[in-house]
Amino acid sequence: MSTTEVENYPGFPEGVTGPELMERMRQQALRWGAELYEEDVVSVDFSKRPFEIKSEDRTMRANAIILATGATAKRLRIPSEEKFWSKGISACAICDGASPAFAQKELAVVGGGDSACEEAIYLTKYASKVHLLVRGEEMRASKAMRDRVLDSSDVIVHYNTSVEDAAGNAQGFLESLKLVNTKTNKSIPEPLKVAGMFYGIGHTPNTKFLDSQLGIDEDGFIIVSDHDKTSTSVEGVFSAGDVHDKEWRQAITAAGSGCQAAISTERYLQMNKLLKEVKMMDTKDAKEEIEAAKKKEAEAPKKKTHEPAIDADNFDIDRQKHQGQYALRKLYHESPRPLVVMYTSPTCGPCKRLKPMLSTVLDEYEKSIHYVEIDIAKDPEIAESAGIMGTPCVQVFKDKARVAVINGVKMKSEYRKIFSEQLIESSAA
Ligand code: NDP
């Protein structure tokens, strides 16, 4: 979940951050006996029973499946989008807004829905001014959101305005936008000078990997039955949340949809005599188990934790994983190994997804690769000198030269490929 503040989730009167809500749900699922595998599903086979689900690391079989793969932010696809992607153009203000490159600069958000309004308000924390570019006569956002935007002296709304293209500065970073008046269809002569442009123009459901094995509508959303809003066209396959929901798309509605899907799944398994009961953990036992796990983690050798290496007293070059700028400088200058640097920010949901995944891949290179995590909010000057305009961003260095940059969250295989290539090159040299 990439939303920062979730204000409308019942039970959290003070609000809760998206990542914290996800962490609490994760712990609750574990308490109930769920086994979690954090990896990308690459294909499914619904023609087989049990169904087959393949990731890069394993093939699993299941008598029933709940699809809850959500939706990904849409892009405008203007001509120079690729050129300025992660160099000023982004689809996630929440992930990328904290970048020092945007601090006290004018920024633009495209869209007139709740997402765009939410992004515009969020960016006022960092920007000197936010321009909201709305292609129509009015915003389609809810009244509450519209009012927040209109009441903010830091947001300027441009109606009947769309983006035709972008231009950059000598360093290759976004500098201005070429705009069009959608009423007259004429270009607006004066370019809009902004250091960042964020898209808030809706989402595309993540259904490609399903390879049309079940009913999907023309926009790619899973079609669910009218009677329970969760059964799909394949018996035993259910859908939950934004992957089918075009309308409500809130954390609470997605959670409710997940609950409906779970109950429908249980009924389906029961009816087909496929239900295997997992004993609910006694609350007392669960508490004890969580406490025991915490204790074990605290006592465990620091293999998987990224303990901060703040200064010379606790920096240990023999350890693979580190945090913070002191470790980065030491390793950059002294490590003979390829160095992987991951830039994160505290509100970045995708960073939370990437960290454990990257950690698993790095475990395979424990003695041959060094790793440092840099929080761009804590170390903004490092992020600035590394040209970070979005998180997560993984950079790989070899012999003090930057040899790879990977923006966003990719499959494990992509990281493995890059790490292995660097090691092969090192041993060949
Ligand atoms: P929406 O589909 O509601 O809005 C998309 C916006 O982007 C519209 O203003 C649309 O313009 C504009 N747009 C689409 N394509 C383009 C384009 N090519 N060029 C320029 N503008 C474009 O998506 P949202 O993600 O905003 O919201 C989806 C759902 O999620 C809604 O139900 C919303 O209420 C909910 N939501 C709620 C939040 C909250 O309450 N905290 C936060 C975020 C989302 P036009 O209007 O002209 O079609």
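These legends describe close-up views of a predicted model with a bound ligand. Local features need pLDDT of at least 70, side-chain atom pairs count only at pLDDT 80 or more, and totals for chains, interfaces and linings use all residues. Residues are numbered from 1 along each chain as its sequence is written, and side-chain values use heavy atoms, with hydrogens and water left out.

**View 1. The shell around the ligand.** The ligand is surrounded by 19 residues (a heavy atom within 4 Å). Asp114, Ser115, Arg140, Glu247 and Gln250 are the closest. Helix α4 (residues 114-123) gives the most, with 3 residues (helices are DSSP runs of H or I, at least four residues; strands are E, at least two; both are numbered from the N terminus).

**View 2. Polar contacts of the ligand** (N or O pairs within 3.5 Å). A side-chain N or O atom of Arg135 is 3.0 Å from a ligand oxygen. A polar backbone atom of Gly113 lies 3.3 Å from an oxygen atom of the ligand. Gln250 places a polar side-chain atom 3.3 Å from a ligand nitrogen.

**View 3. Two cis peptide bonds.** The Arg49 to Pro50 bond is cis, with omega near -10°. Pro50 sits in the loop between β3 (41-45) and β4 (51-55). The Thr391 to Pro392 bond is also cis, with omega near -5°. Pro392 is in the loop between α10 (380-385) and β22 (393-398).

**View 4. Positive phi at Gln104.** Most residues other than glycine have a negative phi. Gln104 is not a glycine, yet its phi is positive, about 60°. Gln104 belongs to the loop between α3 (93-96) and β9 (106-110).

Methods
A polar contact is a pair of N or O atoms within 3.5 Å; within protein, one must be able to donate a hydrogen and the other to accept it, and residues adjacent in sequence count only if both atoms are side-chain atoms.
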